[in-house]
Amino acid sequence: MPEEASISDLLPLVAVALNDKAAADAYEELTVAREERDIPRKVEVIRCLNNGEDEDEDDEAVVFASALFEDGEYDPGNTNLWDVSLEQNSNSTCLLADLRDCHICVGGGFPVATLDDELPNDAGFQGFVDGEDFESTGDACAVSFCFSPYSIWLNILIHGWPREEWEAFIQSHLYGPDDICHYLVDIVAAQHPEATVEFEKVTFVAKHIHGALKRLLPPTRKEEVRADRDRRIAENHNPEFDALYHFVGRTMREGGNRANRALFLPQLHSILGFLGAMGVNRLGVNDELITAAIEAHERLGEEGLQELYNQNQIGQYQDEEEESEEEEGDAGEESGEEEDGDAEEESEEG
């Protein structure tokens with residue numbers, strides 16, 4: 001009997017254990033189901049070979065970073081952009097040497113952009129070594145890539161590339177934007193095989209993903225982001241200046257300016273500062289001067305803008321002189337007409 005009693009005493013514990021296992025299994029199944037449900041709505045950076053030979057057909061694609069599309073937000077500095085901040089996969093670290101095999105994917109693996117710069121018949125992309133990232137700690141180097149002309153951006157941080165080397169690279173101008181991936185993978189990674197990549201953010205031009213914003217955002221989330229966007233537009237947005245800003249930047253790029261972001265933005269702001277000093281804060285005021293300022297800066301930098309400023313000052317002085325002479329001439333004509341009128345009156349009275 002004692003033995004039977006001891007067995008019966010264990011039955012509640014066995015039941016609890018079975019319930020715990022059932023609960024754990026149910027939780028695991030629910031977690032897997034949620035992950036599978038979320039995959040089609042995720043933006044991911046994955047690694048897989050892209051040479052068409054199926055060399056890694058039996059290997060799983062490695063997800064380095066991901067985030068739900070709906071968790072994005074309109075860019076704080078430009079509401080025309082939709083930012084998706086990525087969460088790093090703690091189980092997988094991307095080596096810089098593997099950057100060429102990485103792709104930005106949606107819907108579980110459909111690529112919208114690739115970092116493979118060796119693909120034939122590909123639209124290509126551009127890279128910019130931006131330098132220090134002020135939101136991160138350490139000596140990580142910020143790099144940005146632009147795909148599908150000016151419609152998708154990818155921001156990354158490179159860890160393990162010594163600061164003195166990437167600072168020297170920024171100043172060297174040895175490689176253009178089309179060759180940045182080649183330089184990072186074939187040169188930097190070869191010199192620093194331990195260097196790694198952190199994928200920070202994918203940015204889309206909002207008007208190019210209008211359908212996704214309408215379909216993938218739940219109603220409450222859609223209301224939240226639109227309200228936040230509209231509030232910031234009302235508080236800070238200056239559409240006329242924004243149009244000028246983007247026009248100048250686009251014209252500089254189309255004119256052949258391939259400077260990285262760290263050098264490009266000061267050039268852009270220099271031109272905008274010059275235009276502001278000349279009273280041009282929007283398109284349509286003096287488009288000839290806008291074009292002339294861009295061309296002058298591309299030719300001679302700050303000296304070109306100073307020269308253009310001097311020319312405009314001289315031209316303005318000459319215009320003022322001509323206006324003054326015209327006014328004096330008009331005043332003389334009026335005075336002569338008055339004198340003639342007085343003479344005629346005196347003659348009639350006589």
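**Figure 1. Asp 75 and its surroundings.** The side chain of Asp 75 puts a polar atom 3.0 Å from the backbone nitrogen of Asn 78. Keep in mind that this is a predicted model, here and in every view below. Asp 75 itself belongs to strand 3, which covers residues 73-75. Is this aspartate buried or exposed? Its relative accessibility is 14%, under the 20% cut-off, so Asp 75 counts as buried. Setting aside residues up to four places away in sequence, Asp 75 touches Leu 81, Asp 83, Lys 201 and Arg 232. Phe 204 sits 129 residues further along the chain from Asp 75, yet the two C-alpha atoms are separated by 9.7 Å.

**Figure 2. A cluster of rings.** Here we look at Phe 69, Tyr 74, Trp 82 and Phe 204, which ring pairs link into a cluster. Phe 204 is the residue whose C-alpha was set against that of Asp 75 in the previous view. Across the structure there are 12 aromatic pairs.

**Figure 3. Phe 125 meets Phe 145.** These two rings make an edge-to-face aromatic pair, with 5.9 Å between centres and 70 degrees between planes. What does the pair tie together? Phe 125 is in strand 9 (residues 125-132) while Phe 145 is in strand 10 (residues 141-147), so the pair links parts that are 20 residues apart in sequence. Both Phe 125 and Phe 145 are buried.

**Figure 4. Strand 12 and its partners.** Strand 12 runs over residues 196-205, and 7 of its 10 residues are buried, so the rest of the structure largely encloses it. How many bridges join strand 11 to strand 12? There are 8, with strand 11 (residues 152-159) running antiparallel to strand 12. In that pairing, His 159 stands opposite Thr 196 of strand 12. Strand 4 (residues 78-85) is also antiparallel to strand 12, joined to it by 5 bridges. There you'll find Ser 85 opposite Lys 201, and Lys 201 is one of the residues that Asp 75 touches. Strand 6 (residues 94-95) adds another antiparallel pairing with strand 12, over 2 bridges. Leu 95 stands opposite Thr 196 in that case, so Thr 196 has to be read together with His 159 as well.

**Figure 5. Asn 257 in its loop.** Moving along the chain, we get to Asn 257, in the loop between helix 6 (239-254) and helix 7 (261-277). Despite the loop setting, Asn 257 counts as buried, at 6% relative accessibility. Its side chain makes a polar contact of 2.8 Å with the side chain of Gln 267. Beyond neighbours within four places in sequence, Asn 257 is in contact with Met 252, Phe 264, Gln 267 and Glu 298.

**Figure 6. An arginine over a ring.** Phe 264, one of the contacts of Asn 257, has company on its face too. Which residue lies over that face? Arg 253 does, at 3.8 Å from the ring centre of Phe 264.

**Figure 7. Zooming back out.** For context, the protein chain has 9 helices and 12 strands. Of its 350 residues, 33% are buried. Take the contacts with a separation of 6 or more: residues 24 or more positions apart account for 63% of them. The chain exposes about 21,400 Å², and carbon and sulfur atoms supply 48% of that area.

Note on methods
Residues numbered from 1 in each chain as written. Predicted model: local features only at pLDDT ≥ 70, side-chain atom pairs only at ≥ 80, totals over all residues. Heavy atoms only, no water. Helix = DSSP H or I, 4+ residues; strand = E, 2+ residues; numbered from the N terminus. Buried < 20%, exposed > 50% of the residue type's maximum accessible area, 1.4 Å probe, protein only. Contact = heavy atoms within 4.5 Å. Areas by Shrake-Rupley, 256 points an atom, 1.4 Å probe, with all protein chains shown as cover. Phe/Tyr/Trp six-rings, centres within 6.5 Å; stacked < 30°, edge-to-face > 60°. Lys NZ or Arg CZ within 6 Å of the ring centre and 35° of its normal. Polar contact = N/O pair within 3.5 Å; in protein donor to acceptor, adjacent residues only side chain to side chain. Pairing = 2+ DSSP bridges.
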